[in-house]
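User: I have a structure open and would like to talk it through with you. Could we go over it piece by piece?

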Amino acid sequence: MAVQWVLVCHGLVTLLVVISFLCGQWPIFQGTFIERIHYFLTFGAYDYFLRFVGVVFGSKGTKAMLSVEYFCCDRPNPILQIIYLAIIGGTYYFIATSSFEYIPGYYLSGVHRYTSLLAVGVGVLLFLLTSFSDPGTVKADNVAKYISVYPYDDIIYSEKECSTCKIPKPARSKHCSVCDRCVARFDHHCGWMNNCIGERNTRYFMAFLLWHFLLCIYGTVAIGLVLAGQLKELRVTYILTVYYGIDNSFRSLAPHVVQWLLASYNTQILLMVFLAIVSLLLAGFFGYHANLCLTNTTTNETFKWQDYLSWQRKLNEAKASAAALKAGVSGMRSEGNPPKSKWRAFFRKSPLEDMQVVKNNIYDKGFFQNLLEIVFPPSMRSSLLQTKSKSG
């Protein structure tokens with residue numbers, strides 16, 4: 001039983017670390033210990049390590065570490081792409097070597113040997129499409145097209161020039177410092193893809209997330225059915241109840257069944273737990289980006305809207321405070337007015353409570369139109385190209 005508790009604690013700690021590292025910056029975790037763990041994993045630990053290298057190896061060691069950091073984080077590189085291929089290839093290899101011998105089984109037919117390979121192949125294909133497709137690079141010869149597709153809202157986007165590319169900057173675009181290019185409808189730079197996620201490849205990115213979520217669910221359920229089939233074929237429940245005299249109830253049998261599984265199929269259980277954890281993370285990540293797509297907002301714009309709404313809220317508060325101060329001063333100067341009830345003044349709402357800051361997103365055109373814009377990017381539609389050629 002001690003080994004089982006160690007495995008449970010190990011799984012919980014692993015889940016906490018993975019969630020904190022990947023999702024700790026999400027608004028839902030703001031101000032929590034998950035955000036603090038994320039900060040330590042992404043900044044604090046590296047800062048301490050850099051100081052340690054400086055103390056032990058001096059300035060040369062620090063410069064070497066900074067050059068490695070520049071290569072890994074500030075310029076395109078295939079490191080995370082290689083890691084992804086290693087993870088998906090290694091996971092499939094361990095599943096094949098540890099579980100395929102039980103397929104076909106009591107609950108699974110032999111076809112799953114081939115459907116699993118096909119599912120992994122589709123996942124890798126979506127990965128390649130997202131990694132090597134054009135995200136919507138803005139150049140001098142197509143900038144007019146993107147400006148016509150995405151009008152300026154004069155709220156978070158206004159007409160300006162990219163200081164690096166020296167061309168007009170279309171609304172919803174951003175210059176990626178890693179790729180050194182302007183990207184239309186820029187969402188974020190994805191290190192796993194070694195590519196920006198923009199107007200033209202958001203559909204591939206969303207399909208990649210959804211497919212890998214379903215792939216992890218498929219692997220988790222398939223391994224679970226393999227283990228359930230082994231329990232059935234080896235008649236473990238019958239042996240425990242008849243030969244060992246254990247009560248035939250879930251509460252009595254569960255600890256013994258789990259102990260038997262951990263002793264006989266620990267590799268399969270570790271793979272199943274790993275796939276289940278990854279599926280939860282992918283579900284959260286896909287849900288976050290799906291909500292952005294359905295409201296026609298990008299990750300980049302989320303931060304822009306937060307800054308704008310915060311600034312607008314502070315401006316309204318300052319105006320309301322100034323108006324209240326002016327009313328108070330004019331009230332003190334006025335004479336002959338009947339005194340106001342203190343109880344009425346006590347229950348009167350503050351003008352700050354009536355203030356509402358509205359997010360006026362002109363790019364949000366409704367559920368179906370927003371979805372259509374992801375699946376068929378506006379700059380790639382034939383109708384737009386034909387209109388542009390006629391006008392030319």
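User: Which helix is Tyr48 found in?
Analyst: In this predicted model, Tyr48 lies in helix α2.

User: And is Tyr48 buried or exposed?
Analyst: Tyr48 counts as exposed, because its relative accessibility is 53% and the cut-off for that class is over 50%.

User: What does Tyr48 form on the surface, and with which residues?
Analyst: Tyr48 belongs to a nonpolar patch on the surface that also takes in Val13, Val17, Phe21, Leu22, Phe40 and Leu41, and together these residues have about 640 Å² of accessible area.

User: Which helices supply that nonpolar patch?
Analyst: Helix α1, which spans 2–23, and helix α2, which spans 33–73, each supply at least two of its residues, and the largest share, four residues, comes from α1.

User: Switching to cysteines, how many disulfides are there?
Analyst: A search of the whole structure finds zero disulfides.

User: Why is there no bond from Cys165 to Cys182?
Analyst: The sulfur of Cys182 is the closest cysteine sulfur to that of Cys165, but the two are 3.7 Å apart, which is too far for a bond, because a disulfide needs the sulfur atoms within 2.5 Å.

User: How accessible are Cys165 and Cys293?
Analyst: Cys165 is partly exposed, with a relative accessible area of 27%, whereas Cys293 counts as buried at 10% relative accessibility.

User: Last thing, what is the average pLDDT, and where does it stay under 50?
Analyst: The protein averages a pLDDT of 85, and 86% of the residues score at least 70. Over residues 385–392, however, pLDDT stays under 50, and for that stretch the model has three contacts beyond four places in sequence.

Methods
Residues numbered from 1 in each chain as written. Predicted model: local features only at pLDDT ≥ 70, side-chain atom pairs only at ≥ 80, totals over all residues. Heavy atoms only, no water. Patch = residues over 30% accessible without salt bridge, like charges linked within 9 Å, V, L, I, M, F, W, Y side chains within 5 Å. Areas by Shrake-Rupley, 256 points an atom, 1.4 Å probe, with all protein chains shown as cover. Salt bridge = Lys/Arg side-chain N within 4 Å of Asp/Glu carboxyl O. Buried < 20%, exposed > 50% of the residue type's maximum accessible area, 1.4 Å probe, protein only. pLDDT = per-residue confidence, 0-100. Contact = heavy atoms within 4.5 Å.
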